[in-house]
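Welcome, and please open your viewer before reading on. We will go from stop to stop, with something to select at each one.

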Amino acid sequence: MTAPITAASMALDGGVLSAGDVAPEAAFVPSRGFWGHVGHRLVRDPVAMGAGALILLVVLIAILSPWITPMDPYKGSMLRRLKHVGDATYWLGSDELGRDMISRLMLGSRLSLFIGVTPVLIAFVIGSGIGILAGYVGGWTNTILMRTIDVFFAFPSVLLAIALSGALGAGIFNSIVSLTCVFVPQIARVAESVTTGIRKRDYIDAAKLSGASPLTIMRVQVLGNVVGPIFVYATSLISVSMILASGLSFLGLGVRPPEPEWGLMLNTLRTAIYANPVVAALPGVCIFVVSIAFNMFSDGLRAAMEIRQ
Amino acid sequence: MLIYILKRLVYVTPVAFGVSLVCFMLVHLAPGDALSAVLPADATQETINEMKAAYGFDKPLPVQYLIWLWHVLHGDLGTSIATGRPVLGEVTRAVINSLILASVATVIGFTFGTLFGFVAGYHRNSVADRAASALSVFGVSVPHYWLGMVLVIVFSATLGWLPPTGAGPDGSGNWRPDFDHLRYLILPAVTMSVIPTGIIARTVRALVADILAQDFVEALRAKGMDEFGVFKHVVRNAAPTALAIMGLQLGYLLGGSILVETVFAWPGTGFLLNAAIFQRDLPLLQGSILVLAMFFVVLNLLVDVMQTALDPRIERA
């Protein structure tokens with residue numbers, strides 16, 4: 001904050017600073033605030049912006065896909081099965097039932113994004129709630145909540161996801177429920193450690209002394225200071241969630257045919273790896289690209305937020 | 001050190017009980033009845049009750065849990081509903097196959113991960129650093145089941161160099177350390193090694209960069225130690241954390257191998273879980289998950305103890 005003022009002042013009076021000419025200039029430099037700074041730094045990060053643009057594009061395709069697919073994604077043709085990429089009618093080829101690949105990939109982005117992002121969103125809300133409560137209240141509440149969370153950490157996440165959705169049975173709803181259960185403990189642990197870190201800070205004491213109720217302190221002082229780091233952590237989970245959600249469909253535990261979803265498409269096209277390997281690999285390319293975009297955007301967001309000092 | 005191990009054991013025991021409770025409850029999360037898969041649709045109420053009594057499903061849940069736990073502690077994981085064989089035997093065979101695959105993948109991941117991590121950590125912001133960073137993002141972002149398919153497409157379907165599925169030429173489910181079986185191991189192990197490679201490379205890079213920035217490195221150089229001598233000190237400081245990550249990765253791979261094992265039809269735990277889920281063989285599902293989760297708990301404990309033994313500073317903290 002002081003750098004531009006000093007530079008301006010130095011230009012004015014040849015390097016000699018006096019308290020008098022700092023104060024009026026300082027009034028003209030509006031602070032961007034924390035999030036303003038984060039946004040400013042994020043915009044100047046080309047990798048994060050590229051990744052963000054790609055995510056935005058996929059989201060747009062997902063929203064608009066029912067109206068913009070070049071062909072009917074459900075209509076198959078036994079005579080036009082497994083056309084190659086670059087076909088005059090089927091630009092990205094056709095699948096094992098003769099359905100247009102590009103249309104199915106476009107419509108597939110809807111379910112893939114939905115089952116990948118939703119668990120992280122729900123887990124962000126529930127996990128933050130548990131973690132902030134445990135961290136702020138401390139004592140026995142913390143012990144009971146965090147030891148319960150530890151139990152879920154004893155399962156590798158892929159195993160937990162598959163165990164839960166295997167027991168619950170196949171389906172979109174069940175796969176979202178099981179992935180949410182996988183991410184809640186991870187987010188809760190981060191939320192707890194961030195909250196414990198700020199609990200003893202002076203501004204919390206100041207708020208208490210000023211007579212703020214515990215609920216107000218939780219909402220203003222605590223939430224305002226912990227949501228950022230928890231959010232960044234949650235965005236880093238989206239990529240894993242996308243891979244796992246499509247993985248569940250790949251195993252036959254998520255989306256059911258004939259709905260197009262990238263993981264499920266990859267599974268049904270496994271029979272075609274000899275006849276048409278490029279088309280068979282396409283749905284995986286989509287999962288990979290979206291997952292890498294989420295990872296890079298999350299990395300950029302984390303870097304942009306490291307501006308405390 | 002002994003006190004530390006005892007402390008960790010005291011801490012792990014309730015977690016282990018919690019894990020057993022979760023595994024037990026899995027069966028009761030399942031829609032319908034655990035027996036619906038084996039009973040004929042027109043079974044009389046009498047038969048159903050008889051079967052329930054035989055499997056102990058007629059007792060209240062807490063009692064069922066205690067009985068189940070008692071059996072588990074005596075090494076009895078129950079009987080597979082689909083095959084009628086003891087669950088323990090099925091799981092043991094599968095765990096051995098999975099462990100072979102996961103160990104080889106971890107060794108590959110550790111070798112390449114530390115290699116890339118050291119190069120990147122030593123030459124921050126160089127081309128090698130960028131390549132290593134790109135590789136680690138690739139490792140954690142790639143859907144490994146898709147990577148497995150792509151490798152099969154390239155090396156089996158197109159080039160014909162390696163077999164696409166199975167654990168050995170005879171089609172039996174047991175892997176043996178000979179050349180023929182080794183060929184079957186390559187593709188699944190390489191597929192699985194991508195995640196640990198990325199994660200270990202990322203961790204080692206940060207570790208090495210941190211260590212190199214510390215004062216003692218400068219002191220070592222100031223007193224005239226050659227680069228190789230300094231390198232040995234860096235390795236010794238990075239080793240505890242790097243080895244700990246490797247241990248945890250082995251656990252993740254063992255528990256998370258189901259997708260890759262399905263792609264390669266590898267006769268391990270993933271394959272067993274897949275069968276258990278789709279045949280709705282709940283005792284088998286419960287038993288395999290319990291064994292895998294306990295393996296992970298014990299592995300975590302070993303990693304903790306080993307890390308403390310290598311780096312006594314952790315115990316004091």
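**Stop 1: a turn after a helix**

Select Arg280(B), just after α11(B): its phi is positive, at about 50°. Keep in mind as you look around that this is a predicted model.

**Stop 2: the helix before it**

Now step back and colour α11(B), residues 269–278. Is this helix mostly covered or mostly open? It is mostly covered, with 8 of its 10 residues buried. To see them, select Thr269(B), Gly270(B), Phe271(B), Leu272(B), Leu273(B), Asn274(B), Ala276(B) and Ile277(B). What do these buried residues pack against? Within chain B, their partners are α4 (87–122), α10 and α12. Chain A supplies α7 (157–168) and α10 (214–251) as further partners.

**Stop 3: the contact between the chains**

Show both chains together. The contact draws 39 residues from chain B and 34 residues from chain A. On the chain B side, the elements that give two or more residues are α1 (2–29), α5 (127–141), α6 (144–158), α9 (227–255), α10 (258–264), α11 (269–278) and α12 (282–310). Try colouring that side by residue class: you will find 31 nonpolar residues, 8 polar ones and no charged ones. For the complex, the predictor reports an ipTM of 0.82 and a pTM of 0.83.

**Stop 4: the largest nonpolar core**

Next, pick out Leu159(A), Leu160(A), Ala161(A), Ile187(A), Met149(B) and Ala293(B). Among the 150 residues of the largest nonpolar core, these touch the most other members. The largest share of this core comes from α10(A), which gives 15 residues. In soluble globular proteins, nonpolar side chains tend to be buried together.

Zoom in on Ala161(A). Which residues does Ala161(A) contact, leaving aside neighbours within four places in sequence? They are Ser178(A), Leu179(A), Val182(A), Leu244(A) and Leu248(A).

**Stop 5: three loops**

Stay in chain A and select Pro257(A) with Pro258(A). The peptide bond from the former to the latter is cis, with omega near 5°. Pro258(A) sits in the loop between α10 and α11 (262–268) of chain A.

Go back to chain B and find Ala265(B), in the loop between α10 and α11 of that chain. Ala265(B) is not a glycine, yet its phi is positive, at about 50°. Ala265(B) counts as partly exposed because it has 15 C-beta neighbours inside 10 Å.

The third loop lies between α2 (45–55) and α3 (61–73) of chain B, and holds Pro60(B). Why does Pro60(B) count as exposed? Because Pro60(B) has 7 C-beta neighbours inside 10 Å. For a sense of scale, draw a distance from Pro60(B) to Pro267(B): their C-alpha atoms are separated by 36 Å, and these positions lie 207 residues apart along the chain.

**Stop 6: chain B as a whole**

Zoom out and show chain B as a cartoon. There are 13 helices and 0 strands. Of its 317 residues, 38% count as buried. Among chain B contacts between residues at least 6 apart in sequence, 74% join residues at least 24 apart.

Finally, colour chain B by confidence. Its mean pLDDT is 81, and 88% of its residues reach 70 or more. Among the elements of chain B, α4(B) has the highest mean, 87, while helix α13 (residues 313–316) has the lowest, 58. Where pLDDT is low, the predicted coordinates should not be read in detail.

Notes:
Residues numbered from 1 in each chain as written. Chains lettered and ligands numbered in written order. Predicted model: local features only at pLDDT ≥ 70, side-chain atom pairs only at ≥ 80, totals over all residues. Contact = placed C-beta atoms within 7 Å. Helix = DSSP H or I, 4+ residues; strand = E, 2+ residues; numbered from the N terminus. Nonpolar A, V, L, I, M, F, W, Y, C, P; charged D, E, K, R; others polar. Buried ≥ 20, exposed ≤ 12 C-beta atoms within 10 Å, placed from the backbone. Core = buried A, V, L, I, M, F, W, Y, C linked by C-beta atoms within 7 Å. pLDDT = per-residue confidence, 0-100.
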